[in-house]
Amino acid sequence: MPGYLARRLVLSAITMVLLTAAVYAAIRWLPGGPSTADAQGGSSVTETWLARYHPLDPLPVGYARWLGDIARLDLGLSLTVQPGAPVADLLAAALPYTLLLGTLAFALTVCLALPLGLLSAWKPRSAGVRGAAVLLYALHALPGFWIALALQQVVSGRWGWLPPLGAGPLDAGPGLGGIAASARYWILPTLA
């Protein structure tokens, strides 16, 4: 068994190196680059990026530098979202929202799946179970972004019930009023 695990680890490492090398090469060979962000970011951001990441180095040297940066968790600088800001900082700022949305979506999934599973075990051939199965298969077949856009158009655009965009405040204040103010922003993304 230890020999098997060692072979799997070596194979995984080789696969990871090949995949990252392919991604790096594809990024280097694609047309465009940071100069296309000049309209938004300004030339100083582009010059900083060019000086920091050496995109004109030979491919193996550039790959080794890039891999070293990734190993140090240096994900680079943003050229478009917040020009000049470290990408790691932008990801860290979005992490609480991502965790909250994932937790809410998981809780909704469990709250829907348990009753449907119990109902389908109790009355396996009932019309309600068959209807729920058809609805779930149809929803599963649709792309998530399409469902999100449709919900946004109908619930926010046509009916005006919920805000269409934004994350809302994570700390909207104490009590039910603060929770309700924040919850309005999370209903649509959780459903989608």
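This is a chat about salt bridges, a pocket and aromatic contacts in a predicted model.

Biologist: How many salt bridges are there?

Modeller: The count comes to 2 salt bridges. In one of them, the side chains of arginine 65 and aspartate 57 meet at 2.8 Å, N to O. In another, arginine 72 meets aspartate 69 at 2.3 Å, N to O.

Biologist: Take arginine 72 first. Is that residue buried or exposed?

Modeller: Arginine 72 is exposed, with a relative accessible area of 58%.

Biologist: And aspartate 69, buried or exposed?

Modeller: Aspartate 69 is at 12% relative accessibility, so this residue counts as buried. The cut-off for buried is under 20%.

Biologist: What about arginine 65, what does its relative accessibility make it?

Modeller: Arginine 65 counts as partly exposed because its relative accessibility is 41%, and that class lies between 20% and 50%.

Biologist: Changing topic. How much space lies in the second largest pocket?

Modeller: The second largest pocket holds about 590 Å³. Its lining has 17 residues, and those closest to the centre are Leu108, Leu112, Leu136, Leu139 and Leu191.

Biologist: How many charged residues are in that lining?

Modeller: There are no charged residues in the lining of the second largest pocket; 14 are nonpolar and 3 are polar.

Biologist: Which helices supply at least two residues each?

Modeller: Helix H5 (87–122), helix H6 (127–141), helix H7 (144–158) and helix H9 (187–191) each do so for this pocket. The largest share of the lining, 6 residues, comes from H5.

Biologist: On to the rings. How many aromatic pairs does a search of the whole structure find?

Modeller: The search finds 5 aromatic pairs. One is tryptophan 159 with tryptophan 161, whose ring centres are 4.6 Å apart.

Biologist: Why is that pair tilted?

Modeller: The planes of tryptophan 159 and tryptophan 161 are at 35 degrees, so the pair is tilted. Stacked would need planes under 30 degrees apart, and edge-to-face over 60.

Biologist: How do those two tryptophans count by accessibility?

Modeller: Tryptophan 159 is partly exposed, with a relative accessible area of 46%. Tryptophan 161 is at 56% relative accessibility and counts as exposed.

Biologist: Which residues do ring pairs link into a cluster?

Modeller: Tyr24, Tyr63 and Trp66 are linked into a cluster by ring pairs.

Biologist: Last one. Where does the charged end of lysine 123 sit?

Modeller: The charged end of lysine 123 sits over the ring of tryptophan 122, and lies 4.8 Å from the ring centre.

Notes:
Residues numbered from 1 in each chain as written. Predicted model: local features only at pLDDT ≥ 70, side-chain atom pairs only at ≥ 80, totals over all residues. Heavy atoms only, no water. Salt bridge = Lys/Arg side-chain N within 4 Å of Asp/Glu carboxyl O. Buried < 20%, exposed > 50% of the residue type's maximum accessible area, 1.4 Å probe, protein only. 1 Å grid on protein atoms, 1.4 Å probe; cavity = no way out; pocket = protein on both sides within 12 Å on 5 of 7 lines; lining within 4 Å. Points joined across faces, edges and corners; volume = space filled by probe spheres on them. Helix = DSSP H or I, 4+ residues; strand = E, 2+ residues; numbered from the N terminus. Nonpolar A, V, L, I, M, F, W, Y, C, P; charged D, E, K, R; others polar. Phe/Tyr/Trp six-rings, centres within 6.5 Å; stacked < 30°, edge-to-face > 60°. Lys NZ or Arg CZ within 6 Å of the ring centre and 35° of its normal.
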